[in-house]
Amino acid sequence: MDELSPEDVGNIRQTLALFAHVFDNKEVADLGLVFTEDAVIELTRGAGRTIEGLAAIGELAVGLGADAPDHHTLDTHVSVDADGTVRARSRYLAILPDGSVHNGDYLDVLERTPGGWRIGRRVSVPRYPRAAENTG
């Protein structure tokens, strides 16, 4: 795949936007509209954590409780690697219950499935504090 159609890019952006609504509202049954069944999320904030599979992503969403951050996905750039891998890089803002904010980048690998575009891998990289390997 050398290039994505405008429709593909629009559908990818819709999938990325849907994440915040489904995840933050703990709509676990709809996580499959955002992620592949075997999706992996790598959280690099703090000690870091890797979540593997749709069921574990649902457990994460529910486990965050009522004081979970309110996520916003913005400034998405979609690209295709030479090998056909479809990637999206988005900024996120996460508003905490006390009004403070943390922000960073979502680095996503997307897959075209029979149901549409889904996130197969997401790496969440905070902007502050910056990890030594992320300061370039």
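# Buried charges, a pocket and long separations

Aspartate 108 counts as buried, with a relative accessibility of 2%, where buried stands for under 20% relative accessible area, exposed for over 50%, and partly exposed for what lies in between (1.4 Å probe, protein chains only). This is a predicted model, in which local features need a pLDDT of at least 70 and side-chain atom pairs count only at pLDDT 80 or more, while totals for chains, interfaces and linings use all residues. Residues are numbered from 1 along each chain as its sequence is written, and side-chain values use heavy atoms, with hydrogens and water left out.

## Salt bridges

The partner of aspartate 108 is arginine 122, and their side chains meet in a salt bridge with an N to O distance of 2.7 Å; the term asks for a side-chain nitrogen of Lys or Arg within 4 Å of a carboxyl oxygen of Asp or Glu. This pair links distant parts of the chain, with aspartate 108 placed in strand E5 and arginine 122 in strand E6, 14 residues apart. Strands (E, at least two residues) and helices (H or I, at least four) are DSSP runs numbered from the N terminus. Arginine 122 also counts as buried, at a relative accessibility of 2%.

The search of the whole structure finds seven salt bridges. What are the residues of the network of salt bridges that includes Asp105? The linked residues are Arg89, Arg91, Asp105 and Arg127.

Within this group, arginine 91 forms a salt bridge with aspartate 105, and their closest N and O atoms are 2.8 Å apart. That contact joins distant parts of the chain, since arginine 91 lies in strand E4 (residues 86–95) and aspartate 105 in strand E5, 14 residues apart. Arginine 91 has a relative accessible area of 34% and is partly exposed, whereas aspartate 105, at 5% relative accessibility, counts as buried.

Aspartate 105 is also bridged to arginine 127, with closest N and O atoms 4.0 Å apart. Arginine 127 belongs to the segment after E6 and aspartate 105 to strand E5, so this salt bridge ties together parts that are 22 residues apart in sequence. With a relative accessible area of 17%, arginine 127 is buried.

## The largest pocket

The largest pocket has a volume of about 360 Å³. It is lined by 16 residues, and those closest to its centre are Leu43, Leu64, His71, His102 and Ser124. Two or more lining residues come from each of helix H1 (6–24), strand E1 (35–43), strand E5 (101–113) and strand E6 (116–126). On a 1 Å grid over the protein atoms alone, a pocket is an open set of points with protein on both sides within 12 Å along at least five of seven lines, where a 1.4 Å probe fits, and lining residues have an atom within 4 Å of a point. Grid points are joined across faces, edges and corners, and a volume is the space filled by probe spheres set on the points.

## Separations and backbone angles

Strand E5 also contributes to a separation along the chain: the C-alpha atoms of threonine 113 and leucine 93 are 28 Å apart, with their positions 20 residues apart in the count. Another pair, serine 5 and asparagine 103, is 98 residues apart in sequence and 29 Å apart in space, C-alpha to C-alpha.

Two residues other than glycine may be looked at for their backbone angle. Lysine 26 has a positive phi near 55 degrees, and aspartate 75 has a positive phi near 50 degrees.

The table places these residues and adds valine 101 of strand E5.

| Residue | Place | Relative accessible area | Class |
|---|---|---|---|
| Serine 5 | segment before H1 | 29% | partly exposed |
| Lysine 26 | loop between H1 and E1 | 27% | partly exposed |
| Aspartate 75 | strand E3 (residues 70–80) | 60% | exposed |
| Valine 101 | strand E5 | 48% | partly exposed |
| Threonine 113 | strand E5 | 23% | partly exposed |

Strand E5 thus holds the partly exposed valine 101 and threonine 113, together with aspartate 105, which is buried at 5%.
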